[in-house]
Structures are given as structure tokens and as C-alpha cells.
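Reader: I am new to this structure and would be grateful for a close look at a single part of it. Please set out the surroundings of one residue in a connected account.

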Amino acid sequence: QPSDDVFLHAFRTSDHSSEPDTWAIQDEWLASPSEPPTQVADIAMRSDGSLVGVYGSAEKIHIRVRSPEGVWGDATTVDAGQPQRLSGPVLVAGRDDTVHLAYTGDDGSAWYRRILPNGSLTPRQQVSDALGRETDDVAAILPLVYLPASDTVSIIYRVAAGTLQERRVSTDGSISEAVSVTEQAVVQNAVDSDQTGADAIADGNRVQLLFIADDSRHIYHTYSDEAGHWQPATLQVDGINGQWVRGMRINAAGTGPVYGYVYDAGADGGSGKNRYGEIPLADLP
């Protein structure tokens, strides 16, 4: 989402069967909302190839669904009758094509809803009222993590004090009590990243997490075990001015699964110091 428009792009990666390393979709327009304070957008794919997209406007966030044939449906405004200015939406696809949505309010709140296969929304549930309330704090929820074995969604978010907390949503929609994920404060909106300096991914029934410490700007790793207990954080990269980090689970040839991640080591918003690192996952207890 650039300031005034929202676009879809799709790229065929190197393992595509017939057209590797080529664009499938470029600059497909889907909306021109009133300009939001922070540019936010996310996307999730369903089993039939349809896409669920969410994006921001000046006051609210909006959902549109793209059919498998490539036609965008009408926009749905989230919480149209509520007073909060909304932002920071994140999506993840779950069981039976249900899409999970979490987002933030400008009053320090965090919320959760489900987008059902028929396009309807479940009632909103409050996740927290302890987030920061500044414009820089809108993207305080990390990428949602779906754990298919337990049909559980992990919602990890940064509270105003700077630390990360987690709550989990079960199959029946109940939300667990908050647990502490980090003892250290995590950087928020470093330079122009407009996000919490942390990343989370699914690893079987574990959640793997990387974060940038606010005081040192070094990158640390922690994870929750099969029982959901968070482990002590370990230093991964030091001597940098870390600004953002994003990664995914990769099956690396010869080494087994790794948490591969890209981070900004201090390019002040540019690309001159983007780096790549890996954490072997098979070695973790």
C-alpha cells in the first residue's frame, strides 16, 4: 500500500514449473482509500486460490476478497461503528479456509476476528489494552502464526513498555491468558520500518521468534517449545544497528530445516546493509 492506492503483485519463484523468476501479476489495482497515517497491508491465500487482502485508510481497515478467477469483491470495513482509529492488520490462513485477522486501535488496544469462508466476520475479541498509543505504535502485532497440529493461532504483540507478550486462540475461539515472551524491550519503528523489530514463524507446533533489542539493536532468538513455554533468548547477531527482521522456515539442502531471515543491519532505511542469517531448527531441543 503506497499512500493513495493499494496494489497486488505476484511473482513466480525459481521453482515454478514453467515460468520461473517472472512476474505473474504487476500493479493490479484494488483500492484508493483515504490516505492512512501509516501504510499497512497484508494478504492470505485460501485453498481454491482466492486471496483475502486487508489494507488501511485514514480511520479504519478494509477487507477485499479476490476470486480464483481474479475478480475483487466489494470492500468490507472492519468495526465501522467503533470509535477507535484502526491500523496494523495482520492475516494468516487457517483450517478450512478460515482466515485469522488481528489489528490495533489508537487507544492502545489489540483485536482479533475470523474471516469465514463465506466472507462474514466473527465478533471482535479484545487481545490487549496495553499497546502504545503513538502513531509509531500502530504496527505492534507481529506476523500471526498458525499451528495446524493444534488448530491454534499465536498472537504476539509489543506492549507500551516495549516487551513482547503472546496470547493463543484455540479452535473454539477462546483466547488464552497473556504470557511474557521477552524480558528485553524490543525496538519499534526503527528509522522508517513502521513495525515492531521482531518476526515469528511456525515450526511444527513450536513458534520461532527473532527480535531486535531496543537498547543494543542486536538480534536475539527465542522459541516456544511443544508445550508453549518460551525459552531464554540467545544472541544471534551483534555489532549492528538492527532496524527490521523478517524470515521463514526453509528446508535447506543437506542441513535440514532452518529459520532463514533477512535483516537491516543499519542502512537507515536503505538497502545497503541488508544481510541474511540462518538458525538450524533440527538442533533445538
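Author: The account below begins with T104 and then turns to its sheet and to the salt bridges.

The model is a predicted one, in which local features need pLDDT of at least 70 and side-chain atom pairs count only at pLDDT 80 or more, while totals for chains, interfaces and linings use all residues. Residues are numbered from 1 along each chain as its sequence is written, and side-chain values use heavy atoms, with hydrogens and water left out.

T104 belongs to strand β8, which spans residues 99-105. Strands (E, at least two residues) are DSSP runs, as are helices (H or I, at least four residues), and they are numbered from the N terminus. With a relative accessible area of 2%, T104 is buried. The term buried stands for under 20% relative accessible area, exposed for over 50%, and partly exposed for values in between, with a 1.4 Å probe and protein chains only.

Leaving aside residues up to four places away in sequence, T104 touches R85, L86, S87, G88, S109, A110, L131, V138, A140 and I141; contact here means heavy atoms within 4.5 Å. A polar atom of the T104 side chain lies 2.7 Å from the backbone oxygen of V138. Such a polar contact is a pair of N or O atoms within 3.5 Å; within protein, one must be able to donate a hydrogen and the other to accept it, and residues adjacent in sequence count only if both atoms are side-chain atoms.

The strand of T104 is part of an open sheet of 4 strands, with the order β7-β8-β9-β10 and antiparallel pairing. Its edge strands are β7 and β10 (125-128), each of which pairs on one side only. On average, neighbouring strands of this sheet are turned by 30° against each other, direction ignored. Axes are lines fitted to C-alpha atoms, for helices over the stretch in contact, and angles run from 0 to 180 degrees between N-to-C directions. Between β7 and β8 the antiparallel pairing runs over 6 bridges, and L86 stands opposite G105 in β8. Two strands pair if DSSP finds at least two bridges between them.

S128 is found in strand β10. Its C-alpha atom is separated by 9.2 Å from that of T104, the two residues being 24 apart along the chain. S128 counts as buried, at 8% relative accessibility. The side chain of S128 reaches the backbone nitrogen of A130 at 3.0 Å. Residues touched by S128, not counting those up to four places away in sequence, are G108, S109, A110 and Y157.

The salt bridges come next. The structure holds 11 of them, each a side-chain nitrogen of Lys or Arg within 4 Å of a carboxyl oxygen of Asp or Glu. One joins the side chains of R113 and D79 (2.4 Å, N to O). R113 lies in strand β9 (residues 110-115) and D79 in the loop between β6 (76-77) and β7 (86-93), so the pair ties together parts that are 34 residues apart in sequence. Both R113 and D79 are buried. A network of salt bridges links D79, R113 and R124.

Another salt bridge is formed by the side chains of R95 and D151 (3.9 Å, N to O). Because R95 lies in the loop between β7 and β8 and D151 in the loop between β11 (145-147) and β12 (152-158), this pair ties together parts that are 56 residues apart in sequence. R95 is partly exposed, with a relative accessible area of 40%, whereas D151 is buried, with 10%.
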